[in-house]
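Notebook open, model loaded. I want to look up one helix pair and then the cysteines.

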Amino acid sequence: MRNEELKTVFDRHAVSYDKQWERMAPIRAALYLLLESLFTDLPDNARILCVGVGTGAELAHLAERFPGWHFTAVDPSGAMLDVCRQKAVENGFLERCHFHEGYLDTLIAEANYEAATCLLVSQFLLEESARTALFREIARRLKPHGLLANADLASDTASPAYEVLLRSWMTLMSADGPQPEVLERARTAYATSVAVLPAPKVASLIEAAGFDAPVQFFQTGLMHGWFCKRLAALE
């Protein structure tokens, strides 16, 4: 999707977003639990960059678990950031948050952060060069050896396994089960509006942006997660 299309879509769904994806809550909880363990050695006053933060689910989890951390929440959707900000107010960590409405390239490029999250974001960039550019923008804002946790939908869409995983994924997301028309819409959307690439390919795009070889630490259905460190020096 193009930038303005993405912003429009997420602005429209911001208020209902958490409700829409509540069936996925156990998967998110498992991802965040592993994320917490990967970040546990960061300093007590660490600064965390949350890219494409949306309604702030991972930010809220980390803010509760690590009360000394500070967060920069970046999202092009002002409506999404409004929901994220309200969570920060309700849960008492607003003073530890900075909210930046816009794409990451509009955030000052200083290597200020010990870690970054980028969860289910890069998959919406259809061109591989654009995905690598996003990861490079993240790398530019991390301190040397800073940590990145990334998650995206990934699969070899030409393989028989993809059909199995797609059906399972749609069943999980839909309370009505895998209706044929739902599967067909999902198949079309994932072929045209979401860049579902094989997991090794996603890892290679991250590595090309200035990170060491990403370690896949998570997979549930089509969702994969990778963990890596920024190289000491960027090209």
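At roughly what angle do the axes of helix H6 and helix H9 cross, and within what distance do they come? I find that the axes of H6 (residues 128-141) and H9 (residues 199-207) cross at roughly 50° and come within 8 Å. Note to self: this is a predicted model, where local features need pLDDT of at least 70, side-chain atom pairs count only at pLDDT 80 or more, and totals for chains, interfaces and linings use all residues. Residues are numbered from 1 along each chain as its sequence is written, and side-chain values use heavy atoms, with hydrogens and water left out.

Helices here are DSSP runs (H or I, at least four residues), numbered from the N terminus. Axes are lines fitted to C-alpha atoms over the stretch in contact, with angles from 0 to 180 degrees between N-to-C directions. I therefore log H6 and H9 as oblique to each other (not under 35 degrees, over 145, or 65 to 115). Their crossing is right-handed (the near helix is turned clockwise from the far one by less than a right angle).

Next I listed the contacts (heavy atoms within 4.5 Å). From H6, Glu 128, Arg 131, Thr 132 and Phe 135 meet Lys 201, Val 202, Leu 205 and Ile 206 of H9. I sort these residues into four nonpolar, one polar and three charged.

Then the cysteines. I found zero disulfides (cysteine sulfur pairs within 2.5 Å). Cys 118 is in none, and its nearest cysteine sulfur, on Cys 50, is 10 Å away. Cys 118 is buried at 0% relative accessibility (under 20% relative accessible area, 1.4 Å probe, protein chains only).

Notes. Buried < 20%, exposed > 50% of the residue type's maximum accessible area, 1.4 Å probe, protein only. Helix = DSSP H or I, 4+ residues; strand = E, 2+ residues; numbered from the N terminus. Nonpolar A, V, L, I, M, F, W, Y, C, P; charged D, E, K, R; others polar.
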